[in-house]
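Here are a few exercises to work through with the model open in your viewer. Try each task before you read its solution.

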Amino acid sequence: MIYSTTPTLNSSVLSNSSPLGGQLPQQIFTRRQVIPLQNDVLWRIEHGAVRSLTWSEDGTFITLGYWGLGDLIGYPLSRVKPYQIECLTGVEISIVPPDLWHQDINALLSHIQQVENLLSIVHQKPILLRLWQFLVWLSEKFGRDVDKGKLIDLNVTHQDIAEVLNTTRVTITRLLQQLEEEGTVLRHKRRIILRLPNKLIQNYSSALY
């Protein structure tokens, strides 16, 4: 299914302060809504999470990135066609016009770094290492500490993960089951908890080679 890029009626516009300075217009979207594309506008995420994606000629989705609090997103940072930004949660974003882009260079640099980081993960072998490093990446970006480990506070499906890692949903399901059996991940209310202490994550990643 290809989502429309037209905002639906339950989007609302308001004005609020932003770290960029001044009063920037803001917009609120609900989960699974698509943020409209504009050639001369970037969006700063003030709350929530989105993913950017494209799709092949046969309709297969290709996830380009996951973005959260403080990230700048928008078509001027991509130029991939087709291109879409889908809300994974309820999202609040600020509309950033071109004359203010220079005020948040750190966010622009962070965008580039995250794209390259994710690209390096997607090319890891074997696939189990690819999956683990992606889960670690998600936990660093969207995670929070809980009693049993680090909870990835984002509802990503097996299909969502497969689209990022260029594999099949069946493969992701099998590998997640393997990680559960090893005791390195735990499922909790459709969320994933990484059970290794933070200091052991890198060592575990190395052991997968």
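**Exercise 1. Confidence first**

Task: This is a predicted model, so start by working out which stretch has a pLDDT below 50.

Solution: Begin with the whole chain, where the average pLDDT is 83 and 83% of the residues score at least 70. Then go to residues 1-19, since that is where the pLDDT drops below 50. This stretch still has 47 contacts in the model beyond near neighbours in sequence. Don't lean on them, though: where pLDDT is low, predicted coordinates should not be read in detail.

**Exercise 2. Rings and charges**

Task: Find the ring that pairs with W55 and classify the geometry.

Solution: A search of the whole structure turns up four aromatic pairs. In one of them W55 meets F61, with 6.2 Å between the centres and 80 degrees between the planes. Planes over 60 degrees apart count as edge-to-face, and that is the label for W55 and F61. Next, check accessibility: both W55 and F61 are buried. Finally, look at what else F61 is doing: the charged end of R51 sits over its ring, 5.8 Å from the centre.

**Exercise 3. Two helices side by side**

Task: Describe how α1 and α2 pack, and say which residues make the contact.

Solution: Take the axes first; they are 8 Å apart and make an angle of about 155 degrees. Angles over 145 degrees count as roughly antiparallel, so α1 and α2 are roughly antiparallel to each other. On the α1 side the contact is made by Q114, N117, L118, I121 and V122, and on the α2 side by R130, Q133, F134, W137 and K141. Now follow three of those α2 residues a bit further. F134 and W137 join Y66 in one aromatic cluster. K141, meanwhile, lies over the face of F142, at 5.7 Å from the ring centre.

**Exercise 4. Unusual backbone**

Task: Track down two cis peptide bonds ahead of prolines, then two non-glycine residues with positive phi.

Solution: Remember the baseline: most peptide bonds are trans, and most residues other than glycine have a negative phi. Now the prolines:

- K81 and P82 are joined by a cis bond with omega about -5 degrees; P82 belongs to the loop between β7 (72-73) and β8 (84-87).
- From K125 to P126 the bond is also cis, omega being near 0 degrees; P126 is in the loop between α1 (105-122) and α2 (127-142).

Then the phi angles. R32 comes in at about 80 degrees, in the loop between β2 (23-29) and β3 (34-35). N166 has a phi of about 55 degrees and lies in the loop between α3 (158-165) and α4 (169-182). As for accessibility, R32 counts as partly exposed because its relative value is 27%, while N166, at 66%, counts as exposed.

**Exercise 5. A leucine and its surroundings**

Task: Is L42 buried or exposed, and which residues does L42 touch?

Solution: Place L42 first: this leucine is in strand β4, residues 42-47. Its relative accessibility is 1%, so L42 counts as buried. Leaving out residues up to four places away in sequence, the partners of L42 include L72, I73, G74, P76 and L77, together with S94, I95, V96, W101 and L108. One last step is to check L100: L42 and L100 are 58 residues apart in sequence, with their C-alpha atoms 9.6 Å apart in space.

How values were computed
Residues numbered from 1 in each chain as written. Predicted model: local features only at pLDDT ≥ 70, side-chain atom pairs only at ≥ 80, totals over all residues. Heavy atoms only, no water. pLDDT = per-residue confidence, 0-100. Contact = heavy atoms within 4.5 Å. Phe/Tyr/Trp six-rings, centres within 6.5 Å; stacked < 30°, edge-to-face > 60°. Buried < 20%, exposed > 50% of the residue type's maximum accessible area, 1.4 Å probe, protein only. Lys NZ or Arg CZ within 6 Å of the ring centre and 35° of its normal. Helix = DSSP H or I, 4+ residues; strand = E, 2+ residues; numbered from the N terminus. Axes fitted to C-alpha atoms, helices over the stretch in contact; angles between N-to-C directions. Parallel < 35°, antiparallel > 145°, perpendicular 65-115°, else oblique.
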